[in-house]
Amino acid sequence: MPSRKPKLILVYEPEKACIDRLVADGHLPERAAEIASYLAQSTDMAPKFDALTAACLKRDLSFAPVALDNAASALAGEDPRATLVWTLTDGIAYFRGGAAPALARLNGLKTIGADDALFALCQDKFRAGAVLGALGLPVPQAGLARDGRWLVEPPASPAGWFVKPNRLGAKIGIWPDSRSSDPGHALELSRRVHAAYRDDVVVQPYVAGRNVRASFLGLKPDTGVEALGIAFVDSGGDFQTMADSLALYGDTGEAAKAAGKYMEPVLESVVDSQPGAAATIRRIAERLVAGLGLRDVFSIDFRVEADDHVHLIEFEVCPGLPCFDFRAYCRTQWGLSLADAMAETAASRLSD
């Protein structure tokens, strides 16, 4: 029997499917839409499917986007020798993308990215922080609060604390007052988050510095952290809020563009002004690759102080591929569009 043409399958969870499921579970429609905004990269990726198809055809691959609800049946009939599964969005609680790499493994299919255990870990910030601390990495120690009561009290912090939802991404539940100087206010924020989203909050000591995003795509299997793109992300404030994020991505981002209110944060290479901090970030990334199992595609968020002191904040195994920062990374590091960078990465894995 002739072998099948190598195929890249991109599994994604649409925002509408998530919203409908959350509303059916009792979430208010407005809150469900905010939660589902994490999946705006699925909305933003869909217009690129034609470009991905063309980029794959140039490399003698076929391309198939598969909505998450159809993934179980779609993956069941694929050839393990000629199929690569790329999961666009993660999730174990509000989102369900973490099921995709497990389904791929169940069917013996190759995958891009970390194994499914990390898909679960990265969306629980408190547990992830505990693991990162155990690896000796510079992550701020965190407390955990639920609906106005401490589950784990945070350490003392003269600079105050930063409060964010434990299992939600895309700045959901981060407001202008999410930096707190009062433990009582931190608990009040936990009540607000629980009422809106039914989530716990992580309460970390506030750390000074500028926000940094480190992005990685291994175009070839042996690509190392020398290909890490490390950039300051300047959104005009100390930290990005949910409102900032909503104005960038998905249908809300399109509305912001139409209204003339769309403004991407400014990216600035860290190595140009703080090479010592950039070197530290690469060493941390190496530790995460070796000790945690990050591979193929990921992002890491940091705070970097003027004296090059680096604070590790969190990591993502499904970075927002169509987002401004990852598209800029593909252009800067690889000289490729997002579609060509993804197709080239897939081709290198399917030719192994």
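This tour goes from one sheet to the nonpolar cores, with selections to make on the way.

The model is predicted, so local features need pLDDT of at least 70 and side-chain atom pairs count only at pLDDT 80 or more, whereas totals for chains, interfaces and linings use all residues. Residues are numbered from 1 along each chain as its sequence is written, and side-chain values use heavy atoms, with hydrogens and water left out.

Begin with the open sheet, whose four strands (DSSP runs of E, at least two residues, numbered from the N terminus) follow the order E2-E1-E3-E4 with parallel pairing, a pair needing at least two DSSP bridges. Select 62-67 for E2 and 110-112 for E4: these strands stand at the edges with a single partner strand each, so one side of each has no neighbour in the sheet. From one strand to the next the twist averages 25°, as an angle between N-to-C directions of axes fitted to C-alpha atoms, on a scale from 0 to 180 degrees.

Next select 83-87, strand E3, which three bridges join to E4; here Trp 86 has Ile 112 of E4 as its bridge partner.

Now show Phe 302 and Phe 315, which have the most contacts inside the largest nonpolar core, a set of 66 residues. Such a core consists of buried Ala, Val, Leu, Ile, Met, Phe, Trp, Tyr and Cys residues joined through side-chain atoms within 4.5 Å, buried being under 20% relative accessible area with a 1.4 Å probe, protein chains only. Selecting 338-350 brings up helix H15 (a DSSP run of H or I, at least four residues), which gives the most to this core, eight residues.

Key. Buried means under 20% relative accessible area, exposed over 50%, partly exposed in between (1.4 Å probe, protein chains only).
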